[in-house]
Amino acid sequence: MPVTAIVGAQWGDEGKGKITDLLAQEADLVIRFQGGNNAGHTVINEYGTFKLHLVPSGIFNPDALCVLGPGMVVDLVALSTELRELEASGVPTANLRLSERAHLLMPWHVALDRLDERERGRQKLGTTGRGVGPAYSDKVARHGIQAYEVCDERRFRERVAHELETKNKVLERFGDAPLDAQETADAVLAAAALLGERIVDTLPLVERALERDDGVLLEGQLGAMRDLDWGIYPYVTSSNPLAGFASIGAGIPPRRITRVIGVVKAYSTAVGEGPFPTELHDAVGDELRERAFEYGASTGRPRRVGWFDALVPRYAHRLNAFTELAVTKLDVLGPYEEIPFGVAYELDGRQTTDMPPTHVLERARPRYERLPGWLADLAGTTDRRGLPSAAQQYLRRIEETVGARVGMIGIGPERTATIL
Ligand code: GDP
């Protein structure tokens, strides 16, 4: 079976959770390879409706092992809450494993994230305020605490007290309340106790799966435009949502990843700040947001919405080499007679299909083609050829402009509303 990476080809919220949940029905191992609880992967299946923040979207297959990979930053208190909620809905979580090398997102990271956003003022990034950026900063600065460190309680308490000496100075300097070392360590250790034996070395699990030729899914968070290196810096996340990082963040040799699915929404949305050339600022955008219910799964913030911008997934394809695209939310475009479709940017008097860096992209004006709409409800369609011809044309135009074939088509939020 191929090792498959599932990654976002736009700004995030493309519907990776739904695609992972669907493919996980046949998988043996599902690994989230980056990010923290700033994710909100929405999954709708026989158990109900879930917004998964840390837990891989494969958790609904009781036969699949679900791993929070070493590339993640994990808030143990948030994880324990999420596990309790899943259990309360009848979803077994015994098959969850947390990499002992994953970094812990500690309460001070949340406090520092909010402080940083506040102090940036008008230059704010629009983070979710969950502490993900500061947790990765500490990892890179060699101040991070890895998950295995909770096993030695005395040493863990010392590390917490030591880190808080400097973190509290920063918090107090900006007028925020300091954190109490004992309370902080108590809360994290209590959450760790709930996980117990599920904090493990995940490398042997991955090796065993590869030896057995098991189905392995690597689930990314956010999308290429929020990649730390290739996205719209500084309006990016603090890790790499590109498939290249799936190898590092899951702990799997790169040449074992043979299938890369780019998840792409049939139009565009973004949460947070930064350039978004095809953004709609008018009533058409408001109507699209309401009808598609484009509100952040993690924060409930209204998402910015706009027309499809082919340059974005094309750029993501250049970086990821998608073996296929999963186009989601095609059903949402049902009511339009004509659909604007971004194919190029006008930039300083010339036309381009390349992706410029952030502050140049801010000046880019989209050039649209107008594709015919299909004015039809797609519900119940089971085959691409059964779609209205204008919808088929829309998908073909995505394939032509992005350069990758469409392998899956989402026509509704439920797991079953997917054409394969
Ligand atoms: P993720 O973070 O990439 O998993 O995406 P989110 O879960 O944040 O946002 C995607 C939203 O689109 C969720 O509310 C999904 O339930 C919904 N969704 C996914 N695929 C489809 C689809 O094909 N049609 C419709 N109407 N909704 C979809």
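## Domains, an interface and a ligand site

The centres of domain 1 and domain 2, taken over C-alpha atoms, are 23 Å apart. The model is predicted. The domain assignment divides the protein chain into domain 1 (3–98 + 209–262), domain 2 (103–195) and domain 3 (266–320 + 327–419).

**The interface of domain 1 and domain 2**

In this interface, 23 residues of domain 1 are in contact with 20 residues of domain 2. About 1,800 Å² is buried between domain 1 and domain 2, and 68% of this area is on carbon and sulfur atoms. Of the area that domain 1 buries against domain 2, Val73, Leu76 and Ser238 supply 32%, which is more than any other three residues.

Across the interface of domain 1 and domain 2 there are zero salt bridges by the rule used, while six residue pairs are in polar contact, both residues being at pLDDT 80 or more. On the side of domain 1 that touches domain 2, the elements giving two or more residues are strand S6 (73–74), helix H2 (76–88) and strand S7 (96–99). H2 gives the largest share of this side, with six residues. Sorted by class, the side of domain 1 that touches domain 2 consists of twelve nonpolar, nine polar and two charged residues.

**The ligand**

There are 18 residues around the ligand, and those that come nearest are Gly15, Lys16, Gly17, Thr42 and Asp331. The table gives distances from protein atoms to an oxygen atom of the ligand.

| Residue | Protein atom | Distance to a ligand oxygen atom |
|---|---|---|
| Lys18 | polar side-chain atom | 3.4 Å |
| Thr42 | backbone N or O atom | 2.7 Å |
| Gly410 | backbone N or O atom | 3.2 Å |

Thr42 is thus listed among the residues nearest the ligand, and a backbone N or O atom of Thr42 lies 2.7 Å from a ligand oxygen atom. For Lys18, the atom concerned belongs to the side chain.

**Salt bridges**

Side chains of opposite charge can pair when their charged atoms come close. How many salt bridges does the rule count? The count comes to 31, with zero of them across the interface of domain 1 and domain 2. One salt bridge is formed by Glu163 and Arg159, whose closest N and O atoms are 3.6 Å apart. Where do Glu163 and Arg159 lie? Both are in helix H5 (residues 153–173), and they are four residues apart, about one turn of the helix.

Note on methods. Residues numbered from 1 in each chain as written. Predicted model: local features only at pLDDT ≥ 70, side-chain atom pairs only at ≥ 80, totals over all residues. Heavy atoms only, no water. Domains from an automatic or database assignment. Contact = heavy atoms within 4.5 Å. Buried area = accessible area lost by both parts, 1.4 Å probe. Salt bridge = Lys/Arg side-chain N within 4 Å of Asp/Glu carboxyl O. Polar contact = N/O pair within 3.5 Å; in protein donor to acceptor, adjacent residues only side chain to side chain. Nonpolar A, V, L, I, M, F, W, Y, C, P; charged D, E, K, R; others polar. Near = heavy atom within 4 Å.
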